[in-house]
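Please work through the following exercises with the sequence and the structure at hand. Each task is followed by a solution in steps.

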Amino acid sequence: MIRFFLRRFVVAVLVALTVLTLAFLLTRLSGDLAISIAGPNASQDDIDTIRRVYGLNRPLWVQFFDWLGRAVQGDFGESYFFRDRVAKLIGERIPITMSLGLTGLAIALVIGLPLGILAAVREGSWVDRAVSLVALIGQAMPSFWLGLILMIVFGLKLGWLPISGTGSWEHYVMPGVVLAFSAIPSLTRLTRSGMIEVLASDYIRTARAKGLTRFSILVKHGFRNAAIPVVSITAVQLGFMLGGSVVIETVFALHGVGYLAWESISKNDFPVVQAVVLVLALLYIGLTLLADLLNAVLDPRLRT
Amino acid sequence: MSAVTVQAGGRSPLLSNWGFLLGAFIVGACAIIAVFVQWIMPHDPFAIDLNRRLIPPSWMEGGTPLNFLGTDQLGRDYFSRLLYGTRISMLIGVLTVITSGLIGITVGVLGGFYGGKIDDAVMFAITTRLSIPAVLVALAVAALRGTSLTLVILVLGLLLWDRFAVVARSTTMQIRNLDYVAAAWCSGVSPWWVLTREVLPNIATHLAVVATLEMALAILLEAALSFLGLGVPAPLPSWGLMISEAKEYMFFTPWMIIVPGAALFVLVMGVNLLGDALRDLMGTDLSR
């Protein structure tokens, strides 16, 4: 068990270091940073000044190790546009993105898991086909478009929910639903296939033969075993959701990390872009590590 | 085995699957539109007419039979732009899949075929790729290098190879130990021969399913990037860009948002239906 933990942890750290390097190279390899920051109307003097002030005239590897040394201490430098510490900017906005991600995940679980179980129990019936249609629709739905449609219907026509901003919990309902839509198909499909496999197993037949109630068979014996792959996909989905928050936060003007990223990208504020790419990647790495560990705890067969 | 064959009665199982038929119809129609759009569209999708702005679709009040889906904020014919957008989406979908497929299949087959250290490196590459937030990186690259159709295809192709690699790797691993591969080795052929004549043909159907998934994803991602203003540049009528331009008027002319989004939804649905049918077909193949 300890060896398993250690191995996964070492791989996670190596991946994190690779992403760190890639995040740095991303903003450097795409042309001359100083010219991008200075904008189209800048003179050569402006560009030279920017190069000197931001240290962009140093060799690339010096810049890299300088950045790396600070980044591992949680110091991502200063934002060119906001004139503030990048770590502080991200720290202020992480709670919004996390609330959005968790709301989306909760909605996806509440809808996706029962649908998957239902489809598995009634495999091949019209219920099953209806559920796979729901999954198909969810898969094909462009999230930003769904967001705009919801805004028109529930925000404007019906006036039930606020259209944008972060004032109250109601502001998270529409973005949460939109975010959930992207995770429901895979959650439903995985629950369904897991349940079908489990329901055909010997221990379910034994449970039936013992005369247990249907609910007890389905939930206690069935779902608990089918849930193992679902747990890991849930953690991974949360990671994808946080990554996908750029689009949804922009649509709903939720000022989370995704919105910050979009703002910084359009303003050539590269310290922030680098840091957000890194933070989202670290969150994803952390979540997959957590998923692996949860899996090992839930299913001793996987502890290799 | 015999029961299935008799039941099918000479009819291909694909043709009795309504999902496949619908998917094939949608994707086929979009492909035809994409190729022949110059001859199909009623107007020039780039022709601006500021005297005829924001005309609603022909069946709505104030609509005109001249512009079936009305006109946009610059007086351009919306139906023609929608049709031209099909070409952009199909182009992005197909070319991204080719790019990402080449990368992913090469990486995955190498890992699965050789195993050991090479496979460790492949797994590491896949894990690293998955932890990189794709939308964000694509946006950042587009902002730095300036937007263009080629750039969108390249960036998406370089980002979306992970699923190809995962599937190519695991299926190659299964096939590598089968008897016919061993037989091929015994006949003294080169590794290249075994890879191209024995391994690749036998994992092709799995890869085809991945290709549909990635094509759908690429089309959706391009639309999202264009919607955020960092995908396909104006005045090209990408569906995502059309939605983005209509956003300003969304509460007055909601059809301008609904139409391109619905087109996007239908095309992606069609591609996914094709993929599902392919997967079902393989399922029956495996059970036989």
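The exercises below treat one chain, one of its helices, the contact between two chains, and a nonpolar core.

This is a predicted model, in which local features need pLDDT of at least 70 and side-chain atom pairs count only at pLDDT 80 or more, while totals for chains, interfaces and linings use all residues. Residues are numbered from 1 along each chain as its sequence is written, and chains are lettered from A and ligands numbered from 1 in the order in which they are written.

**Exercise 1.** Describe the secondary structure and the extent of chain B.

*Solution.* Step 1: helices (H or I, at least four residues) and strands (E, at least two) are DSSP runs, numbered from the N terminus. Step 2: chain B contains 11 helices and zero strands. Step 3: along the principal axes, the C-alpha atoms of chain B fill a box of roughly 75 × 55 × 30 Å.

**Exercise 2.** Determine whether helix 7 of chain B is largely enclosed or not, and name elements that cover its buried residues.

*Solution.* Step 1: a residue is buried if 20 or more other C-beta atoms lie within 10 Å of its own, exposed if 12 or fewer, and partly exposed in between, with C-beta atoms placed from the backbone. Step 2: helix 7 of chain B covers residues 162–176. Step 3: because 11 of its 15 residues are buried, helix 7 of chain B is largely enclosed by the rest of the structure. The buried residues include D162(B), R163(B), F164(B) and I175(B). Step 4: the cover over them includes helix 3 (78–114), helix 4 (116–131), helix 8 (179–186) and helix 9 of chain B.

**Exercise 3.** State how many residues of chain A are in contact with chain B, and which helix of chain A gives the largest share.

*Solution.* Step 1: two residues are in contact if their C-beta atoms, placed from the backbone, lie within 7 Å. Step 2: 35 residues of chain A are in contact with 32 residues of chain B. Step 3: helix 12 of chain A gives the largest share of the side of chain A that touches chain B, seven residues.

**Exercise 4.** Identify the residues that touch the most other members of the largest nonpolar core, and list contacts of L139(B).

*Solution.* Step 1: a nonpolar core is a set of buried Ala, Val, Leu, Ile, Met, Phe, Trp, Tyr and Cys residues joined through C-beta atoms within 7 Å. Step 2: in the largest such core, of 166 residues, V276(A), A138(B) and L139(B) touch the most other members. Step 3: helix 9 (residues 191–227) of chain B supplies the largest share of this core, 19 residues. Step 4: leaving aside neighbours within four places in sequence, the contacts of L139(B) include V246(A), W262(A) and L225(B).

How values were computed:
Expected span 1.5 Å × (residues − 1).
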